[in-house]
Amino acid sequence: MTGDGAYDRTGVCASVHERHPDAAVVAPPRRDAVLSDTATTSPTQRDRHIQTITETGRMAWQRTSGYNKRAGVESQVARWKGVLGDTLRFHSDQAQATEVIVGVAVLKRMLDLGRPNSVRVA
């Protein structure tokens, strides 16, 4: 589960691990974050994030943890909302799944139309 700094809470981590025990929670710790009391004996994922940021820096942590993928996903969601709207129109799961498939096909087609078709001359 990847989220911004607002998800750096023990309740969020506990809820995620309750439903999916093997899931990784990737949320940047606050700048003033401190290690837990058990960091030396059995560090939590958050403790490991804090230690990595301390050792290598925040930008290196973002690359190694996969946190940078979040920006790409956010831009895709913004593109979807800009072209197709903020909400799905249908109510049943099957109809929503079909609506998403059609929406993805429309966005792919739009991207293909805007992409130049380069041909090597020499």
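**Largest pocket and selected residues of the predicted model**

Fifteen residues, given here as 15, line the largest pocket, and T10, C13, T44, Q45 and R46 are the ones that lie nearest its centre. Two or more lining residues are contributed by each of the helices α1 (10-19) and α2 (45-56). The largest share of the lining is that of α2, which supplies four residues. The space within this pocket amounts to about 270 Å³. Sorted by class, its lining consists of six polar, five nonpolar and four charged residues.

The structure is a predicted model. The mean pLDDT over the chain is 88, and 100% of the residues reach a score of at least 70. Confidence varies along the chain: the lowest mean, 85, belongs to α1, and the highest, 91, to helix α5 (residues 93-114). Helix α1, with the lowest mean confidence in the chain, is also one of the elements that give two or more residues to the pocket lining.

D8 is placed in the segment that precedes α1. The relative accessible area of D8 is 8%, and this residue is therefore classed as buried, the limit being under 20%. Apart from neighbours within four places in sequence, the contacts of D8 are A27, P28, P29, R30 and R46. One of these partners, R46, is also among the lining residues that lie nearest the centre of the largest pocket.

Q62 belongs to helix α3, which covers residues 58-65. With a relative accessibility of 15%, Q62 is likewise counted as buried, because this value is under 20%. When neighbours within four places in sequence are set aside, Q62 makes contact with Y67 and N68.

T38 is located in the loop that joins α1 and α2. Its relative accessible area is 37%, so T38 is partly exposed, a class that lies between the limits of 20% for buried and 50% for exposed residues. T38 and S92 are 54 residues apart along the chain, and the distance between their C-alpha atoms is 46 Å.

Taken by position, the three residues described above are D8 in the segment before α1, T38 in the loop between α1 and α2, and Q62 in α3. D8 is buried, as is Q62, whereas T38 is partly exposed.

Methods:
Residues numbered from 1 in each chain as written. Predicted model: local features only at pLDDT ≥ 70, side-chain atom pairs only at ≥ 80, totals over all residues. Heavy atoms only, no water. 1 Å grid on protein atoms, 1.4 Å probe; cavity = no way out; pocket = protein on both sides within 12 Å on 5 of 7 lines; lining within 4 Å. Points joined across faces, edges and corners; volume = space filled by probe spheres on them. Nonpolar A, V, L, I, M, F, W, Y, C, P; charged D, E, K, R; others polar. Buried < 20%, exposed > 50% of the residue type's maximum accessible area, 1.4 Å probe, protein only. Contact = heavy atoms within 4.5 Å. pLDDT = per-residue confidence, 0-100.
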